[in-house]
Amino acid sequence: MKKVDIYEELKNRIVKNEYKPGDVLNEIEISKEFGISRTPVRNAFQKLEIDRLINIVPRYGVQVSFVDFTNMKSLFELTTILDPIATKNAIKSITTEQLKRLKEITRELEELSSEDNYQKAINLDEEFHDIIISACGNIWLADTLSSLHLHTERLWHYCKEYFNDMTIFTRTFNKIIEAIELQDEEMAEQYSKEHINDFVSKIKEALF
């Protein structure tokens, strides 16, 4: 097996729901699977615990964290504030190439079928947000949002069967792009917040 970043691999498996909430991860089995010693696996577990993707329970083992909407409400309180700030700030420094890619992403999403291309839709959604974050010009804000988006992406996968309409991705993305082109910071904040609210509404439908 080719060399992999064990932390990134385990993180992706959790985020993509390949490891289900409540699954117990075995350090020895994982080290054998990847042909590595237990030390890098243990180090990866420590990072994943910081990410709140696993819980390390003494004398029990390592368990994939459960999806708890009560906790997610706290996360959404932050993203509802921070994502719009990042979008507003991105107006000042976003490049022509980045803006072009945002338009391409939105067009690609408009052409997708949710049944056949759900993973691609999630990837494009994350790329859209990554471009905004990288253009916001604030490394602290960028690092915080990147960490928070791990959990929103996990929710996309966890609630996959409830997302059957690509307009949840595209409706506000087009408006955000328009706001950026108009250099309208207030509009950019408003539509960024709308995008999050659309997502939260769908998640509530899925979990309740």
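A pocket, as the word is used here, is an open set of grid points with protein on both sides within 12 Å along at least five of seven lines. Keep that in mind as you look around this model, which is a predicted one. We'll start with the largest pocket, move on to the closed-off cavities, then visit the nonpolar cores, one buried threonine and a little hairpin.

**The largest pocket**

- This pocket holds about 440 Å³ of space.
- Its lining is made up of 19 residues, and D51, R52, N71, M72 and H151 are the ones nearest the centre.
- Which elements supply at least two residues each to that lining? They are α3 (38-50), β2, α4 and α7.
- Helix α7 gives the most to the lining, with 5 residues.
- Sorted by class, the pocket lining comes out as 8 nonpolar, 6 polar and 5 charged residues.

**Two cavities**

- Searching the whole structure turns up 2 cavities of 30 Å³ or more.
- The largest cavity has about 130 Å³ of space in it.
- If you want to find the largest cavity, look for its lining: F76, T79, D83, D125, E126, H129, H149, T152, W156, H195, I196 and F199.
- Four helices give two or more residues to that lining, namely α4 (69-93), α6 (118-135), α7 (139-158) and α9 (185-207).
- The lining of the largest cavity splits into 4 nonpolar, 5 polar and 3 charged residues.
- The second largest cavity has about 60 Å³ of space.
- Around the second largest cavity you'll find D83, A86, T87, F128, H129, I132, I176, S192 and H195.
- Here α4, α6 and α9 each put in at least two lining residues.
- By class, the lining of the second largest cavity has 4 nonpolar, 4 polar and 1 charged.
- D83, H129 and H195 turn up in both lists: they line the largest cavity and also the second largest one.

**The nonpolar cores**

- Here's a handy bit of background: in soluble globular proteins, nonpolar side chains tend to be buried together.
- In this model the largest nonpolar core has 47 residues, and F76, L102, L109, F128 and I180 have the most contacts inside it.
- The elements giving two or more residues to this core are α4, α5 (96-110), α6, α7, α8 (167-182) and α9.
- Which helix gives the most to this core? That's α6, with 9 residues.
- Zoom in on L102 and, leaving aside residues up to four places away in sequence, you'll see contacts with I94, F128, I131, I132, I177 and I180.
- Apart from the largest core lies another one, of 18 residues, with I6, I14, A44 and V64 among them.

**A buried threonine**

- T106 sits in helix α5.
- Is T106 buried or exposed? It counts as buried, because its relative accessibility is 1% and the cut-off for buried is under 20%.
- Not counting residues up to four places away in sequence, T106 touches F128, T170, F173, N174 and I177.
- Two of those names may ring a bell, as F128 and I177 are also among the contacts of L102.

**A small hairpin**

- Strands β2 (residues 54-57) and β3 (residues 61-64) run antiparallel and are joined by 4 bridges.
- Across the pair, N55 in the hairpin stands opposite Q63 in β3.
- There are 3 residues between the strands, and R59 takes a positive phi near 65° in this hairpin.

Conventions. Residues are numbered from 1 along each chain as its sequence is written. This is a predicted model: local features need pLDDT of at least 70, side-chain atom pairs count only at pLDDT 80 or more; totals for chains, interfaces and linings use all residues. Side-chain values use heavy atoms; hydrogens and water are left out. On a 1 Å grid over the protein atoms alone, a cavity is a set of points where a 1.4 Å probe fits but cannot get out, and a pocket is an open set with protein on both sides within 12 Å along at least five of seven lines; lining residues have an atom within 4 Å of a point. Grid points are joined across faces, edges and corners, and a volume is the space filled by probe spheres set on the points. Ala, Val, Leu, Ile, Met, Phe, Trp, Tyr, Cys and Pro count as nonpolar, Asp, Glu, Lys and Arg as charged, and the others, Gly among them, as polar. Two strands pair if DSSP finds at least two bridges between them. A nonpolar core is a set of buried Ala, Val, Leu, Ile, Met, Phe, Trp, Tyr and Cys residues joined through side-chain atoms within 4.5 Å. Buried means under 20% relative accessible area, exposed over 50%, partly exposed in between (1.4 Å probe, protein chains only). Contact means heavy atoms within 4.5 Å.
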